[in-house]
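Here is a short report on how parts of one protein model fit together, written for a reader who is meeting such models early in their studies.

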Amino acid sequence: MADNKKKRGGADRALIAVSEKYEVAYWSKKLKVTPAKLKYAVKKVGHSAKKVEAYIQEQKHRAADKSRIALSQPYEVRYWSKKFKITPAKLKAAVAAAGNSSKKVEAYLKRQKAAKKGVKKKAAKKRKKAA
């Protein structure tokens, strides 16, 4: 649905023309977003309907579920790994042990860290006694 109304076909249907009110209304309704969000998405990723739809879905996912860790999304694995200062593999193990809640994972990681410190202190005391 580009601006040339005489050309209709596959390539034309795969594009979003934000200059046409009827197209903005159609795509806003189809993607279940406001016209302003649709225009912003088109500005961000281009006129391709597939790219815009993917961008909007990603934004909806992020907004709807900020406190849960979705390991299936690579950007979330990167984000939470950086936030907790651990490797992605350790993050996946922590999520497997504690669940998908970011608060539970954070508490689990703190317990793990405290347990490691306790083991190190005990080892240091044993060394002192042995010496």
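## Helix contacts and a pocket

L91, A94, V95, A97 and A98 of helix 6 meet K104, V105, Y108 and L109 of helix 7, where contact means heavy atoms within 4.5 Å and helices are DSSP runs (H or I, at least four residues) numbered from the N terminus. The residues of this contact between helix 6 and helix 7 divide into 8 nonpolar, no polar and 1 charged; Ala, Val, Leu, Ile, Met, Phe, Trp, Tyr, Cys and Pro count as nonpolar, Asp, Glu, Lys and Arg as charged, and the others, Gly among them, as polar.

This is a predicted model, in which local features need pLDDT of at least 70, side-chain atom pairs count only at pLDDT 80 or more, and totals for chains, interfaces and linings use all residues. Residues are numbered from 1 along each chain as its sequence is written, and side-chain values use heavy atoms, with hydrogens and water left out.

S102 lies in helix 7 and is buried, with a relative accessible area of 9%, since buried means under 20% (1.4 Å probe, protein chains only). Not counting residues up to four places away in sequence, S102 touches S67, R68, I69, W80 and F84.

The lining of the largest pocket has these classes of residue; lining residues have an atom within 4 Å of a point on a 1 Å grid, and a pocket is an open set of points where a 1.4 Å probe fits, with protein on both sides within 12 Å along at least five of seven lines.

| Class | Lining of the largest pocket |
|---|---|
| Nonpolar | 6 residues |
| Polar | 1 residue |
| Charged | 7 residues |

Helix 7 gives the largest share of this lining, 7 residues.

Key: Helices (H or I, at least four residues) and strands (E, at least two) are DSSP runs, numbered from the N terminus. Buried means under 20% relative accessible area, exposed over 50%, partly exposed in between (1.4 Å probe, protein chains only).
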